[in-house]
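Good morning, and thank you for the time on the agenda. I should like to take you through one structure, beginning with its overall layout and then turning to particular residues.

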Amino acid sequence: MSEKKEDMPAPPAKKGPTRRKVRPDYAWLLCMILCFLIVSGFEHNHRLIWGAGICLRIAIFVLALHISEVGRNYYLTAVGLALIVAGASVPARMYHGDLELLVMVTWSALLLLVPVSILRKIGKEFTEEGVDLEVVLGALCAYLFIGAYFAFLYDVMATLSESPFFAQPGADGKLNYLYFSFITLTTTGYGDISPAFGPGRMIAVTEAVIGQLYLVSVVAIVVSAFGKRKKSPSQE
């Protein structure tokens, strides 16, 4: 009698790495940051524009932490504190004094969480699943927000020191803070305006160093990996 061969299960077919479904979250965040840059440059012109700037700041903060998937308790605590500070911004703008300083310093600490959360998220996705459009957009969001953050920081320093931030008379203003921040971040350095005192100069140097390190590390790595992925044959 011939022996009966046992039916052996076929080995599972090897599957290529699954491509992550790209959500439009970072695209929305990028659009909101661009709108915030435009609004924040003119928020001193009218109260409605200032109010729109506060709403955009809160929306960016909430959305950035949400799509970066931070812990629930961390998220609720940070958002709750941001809403309290946003509410306190109204009387702070009206009466100035110590409340205004406290609000601005608290915002400085809170807003720093946005680029940190984004970079943490895209770093994790880059390590686990490689680069796709979502990672590229996240890197752009962090870069633009860093420029906006330093512009806000210059305004805070001028308020704390109770003296003009720039050495050139009449140069202080929200639009010039943004302008100076991005020409510093990109190390364009036109030289038409410059900080008037030591601490402001050191913050500007810090921004320039961060900008260069970001471009030669984060952006270069992400764009290079994204280009290689586009050239590779698509996987089913």
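The protein on the screen has eight helices and zero strands. Please keep in mind throughout that this is a predicted model. Read from one end of the sequence to the other, the pattern is α-α-α-α-α-α-α-α. Of the 236 residues in the protein, 39% are buried. The accessible surface amounts to about 14,000 Å², and carbon and sulfur atoms account for 67% of that. As for contacts, if we take those between residues at least 6 apart in sequence, 72% join residues at least 24 apart.

Let me turn to helix 5. This helix runs over residues 113-129, which is 17 residues, and spans 24 Å from its first C-alpha to its last, close to the 24 Å expected at 1.5 Å a residue. Which residues of helix 5 are buried? They are Val 114, Pro 115, Ser 117, Ile 118, Lys 121, Ile 122 and Glu 125. Viewed down the helix axis, these buried residues fall within an arc of 165 degrees, so they line one face of helix 5. On the other side of the helix, Val 116, Thr 127 and Glu 128 are exposed.

What do the buried residues of helix 5 pack against? Their partners are helix 1 (25-40), helix 2 (47-67), helix 3 (72-95), helix 4 (97-111) and helix 6 (133-161). Just after helix 5 comes Gly 130, with a positive phi of about 85 degrees.

Pro 115 offers a specific example from this helix. Its relative accessibility is 7%, so Pro 115 counts as buried. Setting aside residues up to four places away in sequence, Pro 115 touches Ala 142, Phe 145 and Ile 146. In addition, the C-alpha atoms of Pro 115 and Tyr 149 are 9.3 Å apart in space, while the two residues are 34 apart in sequence.

I now come to the charged side chains. Side chains of opposite charge can pair when their charged atoms come close. How many salt bridges are there in this model? The count comes to four.

Two of the pairs I shall describe share a lysine of helix 5, Lys 121. Glu 69 and Lys 121 meet in a salt bridge at 2.9 Å, N to O. Glu 69 sits in the loop between helix 2 and helix 3, whereas Lys 121 belongs to helix 5, so this pair ties together parts that are 52 residues apart in sequence. Is each partner buried, exposed or partly exposed? Glu 69, at 46% relative accessibility, counts as partly exposed. Lys 121 is buried, with a relative accessible area of 7%.

Lys 121 also forms a salt bridge with Glu 125, where the closest N and O atoms are 3.0 Å apart. Here both residues lie in helix 5, four residues apart, about one turn of the helix. Glu 125 counts as buried, at 6% relative accessibility.

Elsewhere, Glu 43 forms a salt bridge with Lys 174, and the closest N and O atoms are 3.5 Å apart. Since Glu 43 lies in the loop between helix 1 and helix 2, and Lys 174 in helix 7 (residues 174-185), the pair ties together parts that are 131 residues apart in sequence. Glu 43 is buried, with a relative accessible area of 7%, and Lys 174 counts as partly exposed at 22% relative accessibility.

Glu 43 and Lys 174 are linked with Asp 155 in a network of salt bridges. Asp 155 lies in helix 6 and counts as buried at 11% relative accessibility. Leaving aside its neighbours within four places in sequence, Asp 155 is in contact with Met 104, Lys 174 and Tyr 177.

Finally, the surface. Val 205, Val 209, Leu 213, Leu 215 and Val 216 form a nonpolar patch there, with about 420 Å² of accessible area together. One of these residues, Val 216, is found in helix 8 (residues 198-231). At 55% relative accessibility, Val 216 counts as exposed, the threshold being over 50%.

To summarise, helix 5 has its buried residues along one face, Lys 121 within that helix pairs with Glu 69 and with Glu 125, and Glu 43, Asp 155 and Lys 174 are linked in a network. Thank you for your attention.

Technical notes
Residues numbered from 1 in each chain as written. Predicted model: local features only at pLDDT ≥ 70, side-chain atom pairs only at ≥ 80, totals over all residues. Heavy atoms only, no water. Helix = DSSP H or I, 4+ residues; strand = E, 2+ residues; numbered from the N terminus. Expected span 1.5 Å × (residues − 1). Buried < 20%, exposed > 50% of the residue type's maximum accessible area, 1.4 Å probe, protein only. Arc of directions from axis to C-beta. Contact = heavy atoms within 4.5 Å. Salt bridge = Lys/Arg side-chain N within 4 Å of Asp/Glu carboxyl O. Patch = residues over 30% accessible without salt bridge, like charges linked within 9 Å, V, L, I, M, F, W, Y side chains within 5 Å. Areas by Shrake-Rupley, 256 points an atom, 1.4 Å probe, with all protein chains shown as cover.
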